[in-house]
Amino acid sequence: MELFTANNIWMMICTALVFFMHLGFAFLEIGLTRQKNTINILFKNIFIITVGLLLYYLVGFNLMYPGDFNGFIGLSGFGLEAPLTETGTLDLSYNEGYTYWTDFLFQGMFAATAATIVSGAVAERIKIGPFMIFTVLYVGLVYPIAGSWKWGEGFLDQLGFYDFAGSTLVHSVGGWAALVAVCLLGARIGKFKDGELQAIPGHNIPIATAGVLILWLGWFGFNGGSVLSADPELTSLTLVTTCLSAAAGGVFSAITSTLMFKNLDLTMFLNGILGGLVGITAGADVMSPTDAIVIGAISGIIIVFAVSFIDKLKLDDPVGAIAVHLVCGIWGTLAVGIFGFKPLTNEAGEFLNADGNVVASALEATNALSFLPQLYGVLAYAAICLVSSFLIIFTLKKTVGIRVSELEELEGLDAYEHGMDAYPDFRLNEH
């Protein structure tokens, strides 16, 4: 019972940390965009977390964890009904480590993240109504169905695909949709003039910096809670690999961007940190600290080239969401098949080496993960996310429209869609 209580306490702390990440996403997004769209961005972020939790309660949780199903899609019911014993009391042996309620709330915090990623990529020019419709469909249906393929013991899980905390299941799912949305939406006015890239600086880089540091803190819950227990060795290893990958991502992104562009770009430094975090998320529990640094370093380098490539394609992503979440999500998922190992255990939970002998540490358990299942997983998620997000967004574009008018975009969405100003000029009335 003591271990059961410890597991629940740790996972609830991690749940709070993942919830806190939504503040980080909001800060990052408003900091890297213009002042005139701040209320619009904050409204979208609040909508995503509130509606996302309700949708996950109504249908998402039971779509993502349907129990026995065909491996592709299943539904165990609507609403949240806890498993009850014959006497009608809550069955606290759920998953043999934590309660049903703990599982739902922790997983529910992940659900809204995919739409938050899209929000940053389409900032400053999308109509808020169509974005809300997209959020409901993508978070309510697409994300949990896709998640069930691995975390719900679906066909990818059976193939040996491994994604510990969601480099693909969360970040690439959001990244693929962001790519589709940006293509269908078009660039912001003034981003490309006569075919040349024009910088549109964010209005509050200190807030963006705070957002990244909050996200880094929240990632300790994102990855640490995904151990699904308070196991000291696995939890501490996960936190170490997460932190080292973030640091390496930031440093190598800063070095690479400085060599390429001859300036010390803080925003590239920040995105490098996020790239390192996304890159390690698929295998944070099965990497050595050295492997984590290598994965983070490559993530940081990839970020710089990905951002430049996206600009060359004339795609406008104000916060770098596609480079961070999609490109680094793919890299991190594939990296598991290159660097990662999955510790072997016996029925007693003891670690085993390749010869089946009991060893003291997870790092000594050497069941290597293979590359092909990781590639299959990347391709499978690319397929469902590209098709589903295109159908949703293209349909909205042809029916209600997805882009605000030129006048609204130039004067700002805060005034036109919300009738508010994020930074009103308070002055004493003169009499």
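1. In which helix is the place of Ile255? In this predicted model, Ile255 has its place in helix α9, and with a relative accessibility of 43% it counts as partly exposed, because the range for that class lies between the buried limit of under 20% and the exposed limit of over 50%. Ile255 is a good residue to start from, since it belongs to a group on the surface that is worth finding before turning to the pairs described further on.

2. The group in question is a nonpolar patch on the surface, made of Val251, Phe252, Ile255, Leu259, Met260, Phe261, Leu266, Phe269, Ile301 and Phe305, which together have about 860 Å² of accessible area. The elements that give two or more residues to this patch are α9 (232-261), α10 (266-281) and α11 (289-312), and the largest share, six residues, comes from α9.

3. Turning to charged side chains, the count of salt bridges in the model comes to five. One of them joins Arg34 and Glu124, whose closest N and O atoms are 3.1 Å apart. Arg34 lies in the loop between α1 (2-31) and α2 (38-64), while Glu124 lies in the loop between α4 (113-121) and α5 (128-148), so this pair ties together parts of the chain that are 90 residues apart in sequence. Glu124 is buried, with a relative accessible area of 0%. The pair also belongs to a network of salt bridges, in which Arg34, Glu124, Arg188 and Asp316 are linked.

4. Two further salt bridges can be read side by side, and in each of them a buried residue meets a partly exposed one. Lys150 and Asp157 form a salt bridge with their closest N and O atoms 2.7 Å apart; Lys150 counts as buried at 10% relative accessibility, whereas Asp157 counts as partly exposed at 25%. The side chains of Arg403 and Glu409 meet in a salt bridge at 2.8 Å, taken from N to O; here Arg403 is the partly exposed partner, at 26% relative accessibility, and Glu409 is the buried one, with a relative accessible area of 3%.

5. How many aromatic pairs does the count come to? The count comes to 18 aromatic pairs, and one of them, formed by Tyr56 and Phe104, is stacked, with 5.9 Å from centre to centre and 20° between the planes. This pair links distant parts of the chain, as Tyr56 is in helix α2 and Phe104 is in helix α3 (residues 100-111), 48 residues apart. Tyr56 counts as buried at 1% relative accessibility, and Phe104 is buried as well, with a relative accessible area of 10%. When the ring pairs are followed further, they link Tyr56, Phe61, Tyr65, Tyr100, Trp101 and Phe104 into a cluster.

6. A ring may also have a charge over it, and a student checking the model can look for this at Phe131, where the charged end of Lys44 sits over the ring, 5.1 Å from its centre.

7. The backbone deserves a careful look at two residues. Most residues other than glycine have a negative phi, yet Glu153 has a positive phi, near 65°. Glu153 has its place in the loop between α5 and α6 (155-159), and it is exposed, with a relative accessible area of 56%. Asp194, which is not a glycine either, has a positive phi of about 55°; Asp194 is found in the loop between β1 (192-193) and β2 (196-197), and at 84% relative accessibility it counts as exposed.

8. The last point concerns the cysteines. A disulfide is a covalent bond between the sulfur atoms of two cysteines, and in this model the count of disulfides comes to zero. Cys243 is in no disulfide, since the nearest cysteine sulfur, that of Cys14, is 14 Å away, against a limit of 2.5 Å; Cys243 counts as partly exposed at 29% relative accessibility. The sulfur of Cys328 is 17 Å from the closest cysteine sulfur, in Cys385, which is too far for a bond, and Cys328 is buried, with a relative accessible area of 0%.

Key. Residues numbered from 1 in each chain as written. Predicted model: local features only at pLDDT ≥ 70, side-chain atom pairs only at ≥ 80, totals over all residues. Heavy atoms only, no water. Patch = residues over 30% accessible without salt bridge, like charges linked within 9 Å, V, L, I, M, F, W, Y side chains within 5 Å. Areas by Shrake-Rupley, 256 points an atom, 1.4 Å probe, with all protein chains shown as cover. Salt bridge = Lys/Arg side-chain N within 4 Å of Asp/Glu carboxyl O. Helix = DSSP H or I, 4+ residues; strand = E, 2+ residues; numbered from the N terminus. Buried < 20%, exposed > 50% of the residue type's maximum accessible area, 1.4 Å probe, protein only. Phe/Tyr/Trp six-rings, centres within 6.5 Å; stacked < 30°, edge-to-face > 60°. Lys NZ or Arg CZ within 6 Å of the ring centre and 35° of its normal.
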